[in-house]
Amino acid sequence: MTSARPDRAYAQFLPAVDLLPQGARLRVACSGGVDSVALALLLRRLQERRRPDLDLSLGHIHHGLRGVEADQAAKSCQQLAAQLGWQYHERHVDVAAHRAEHSSSEETAARELRRQVYREWGETDQLYAIALAHHRDDQIETVLGNLLRGTALHGLHGILPSTRLDGDSELRLLRPLLDIPKADLRALVDATAVTTCEDSTNASVHFRRNRIRHELLPLLRDYNPRFGRALLALAKEAEQVDNCLQHLTGPLLQECQWGPHAMVVERSVLPQAPDSPLLPVLLRSVWRQLQQRAERGRDQDGLQRDHYEAWSNIATATGSGHHYALPGGWTLERSAHLLSLFLATPGRPTTSYPQPQRTLQTTFGLRARIGPTSSLATGESALCTPLPALDTDNLQWRAVQPADRIETEVGHADVAELLRNAAIPHALRAEYPVLVSDRGVEWIPGVRARSTDALRPWSGQVDCDAHTTEGFLLNVALRRR
């Protein structure tokens, strides 16, 4: 049986690579271990037997973490490239320095640096794809790890066979070994004279994935020797259901408005039941697009079951004013009519009074101007409000204060409540500018002016810089009024 494993591995490998475009330029990311060496050997066999047009090379990333062992792995990869007749590319990265700079774990720092190298390789050498050696056993560990962490339906997919490195990148990450057990890959390598260098840290239970591999999986197989196969069958079914749900959420995505690091959608278009299966799928799609826009690397990092439940509950609850923190500084917020997801860093407003118009410019993308009505430009980009007669020598801009109230047709209204009802994001309300005089608040830009029977020779004009996250959110909120 063992002697048949190399041929079986090749047969399982073919469907994953048979549709590669003519002349595709691939680079195998090789660590020197059994998995990536087997991947290189399989691609070489494919090149010899069926696809001589493929342009193959081998790349190795030296992480600087394992001393002499890492040097030996790099040398082994270089020798393998020479045996295969491929070009060899080696890059050294400083994981320790990256980890210290970004306060991340060793695994996260190494992953981010690898992606950076992949991007540079792709751009410099015009690669079609980086070939990665994740195999069937890795897939089982990934799905089980996602399940333990707490995940939505998509987490049961595990590793995808092909993904883009980034949202706007043409470079693909190919994983053609996902249906092949590690035992078959080892048998393939053992049948050759190629040497490998195993990473000694793979045996350490210090890392979570290794604990799953060495401690949890053997225990589960005591209960069911075919546990791995059963888990992957569940993962496949979950993928099919999730793909169907993604198709159904397509119309909802089209209703979303997108800004820099922000998404806003009318709550009325969303499913109204908190347990709707479409809601978590929509969050994942929105999250992926926002992470790609923010160039945050892996598009699903950080979301766990609690986050999906919070999204569903906030999206379907009644009333307004709820907000929730998601990983990475993202905020989920709902008003009476809008649901927003954004990454914002609002600053304090600054004030200037150019003549003849009085202008307030704020660091979160809002500009408010007052002046004689005839002097203010009108147009699609401007929101204009008639103002009461103003004593221009007795006006000032300032941030809203907790006790602020404004005169309305039916009495005085709380300014903070008016801002909340206007769907001004929670993070911006404390610094929202108001125009005040000795009489109190005269104008809340974009929201309302003081009610009066006096003549209104003045107007207030508001526009928002939609190229900023905060300006985009304000623009959406104010224009729907």
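A salt bridge here means a side-chain nitrogen of Lys or Arg within 4 Å of a carboxyl oxygen of Asp or Glu. Keep in mind that this is a predicted model. By that rule, the structure holds 24 salt bridges. A few of them are picked out below, followed by a look at an open sheet of five strands and the helix that packs on it.

**A salt bridge between two helices**
- Aspartate 35 pairs up with lysine 182, and their closest N and O atoms sit 2.7 Å apart.
- Aspartate 35 belongs to helix α2 (residues 34-49) and lysine 182 to helix α7 (residues 182-190), so this pair ties together parts that are 147 residues apart in sequence.
- Is aspartate 35 buried or exposed? Its relative accessibility is 17%, and buried means under 20%, so aspartate 35 counts as buried.

**A salt bridge inside one helix**
- Glutamate 215 and arginine 211 also make a salt bridge, with 3.7 Å between the closest N and O atoms.
- Both residues are in helix α8 (residues 208-223); because they are four residues apart there, about one helical turn separates them.
- Glutamate 215 is partly exposed at 43% relative accessibility, and arginine 211 is partly exposed too, at 46%.

**Salt bridges further along the chain**
- Glutamate 409 meets arginine 448 through their side chains, at 3.3 Å from N to O.
- Glutamate 409 is in the loop between β17 (405-408) and β18 (411-414), while arginine 448 is in strand β21 (residues 448-449), so the pair ties together parts 39 residues apart in sequence.
- With a relative accessible area of 62%, glutamate 409 is exposed.
- Which residues join up in a network of salt bridges? They are Glu407, Arg439, Glu442 and Arg450.

**The five-stranded sheet**
- Reading across this open sheet, the strand order is β7-β8-β11-β10-β9, and the pairing is antiparallel.
- At the edges are β7 (257-259) and β9 (322-326), each of which pairs on one side only.
- From one strand to the next, the twist averages 15°.
- Looking inside the sheet, β8 (residues 262-266) runs antiparallel to β11 (residues 338-342), and five bridges join the two strands.
- Opposite valine 265 you'll find leucine 339, in β11.

**The helix on the sheet**
- Helix α11 (residues 305-316) packs on this sheet and touches β8, β9, β10 (330-334) and β11.
- The direction of helix α11 makes about 160° with that of β9.

How values were computed. Residues are numbered from 1 along each chain as its sequence is written. This is a predicted model: local features need pLDDT of at least 70, side-chain atom pairs count only at pLDDT 80 or more; totals for chains, interfaces and linings use all residues. Side-chain values use heavy atoms; hydrogens and water are left out. Buried means under 20% relative accessible area, exposed over 50%, partly exposed in between (1.4 Å probe, protein chains only). Two strands pair if DSSP finds at least two bridges between them. Axes are lines fitted to C-alpha atoms, for helices over the stretch in contact, and angles run from 0 to 180 degrees between N-to-C directions. Contact means heavy atoms within 4.5 Å.
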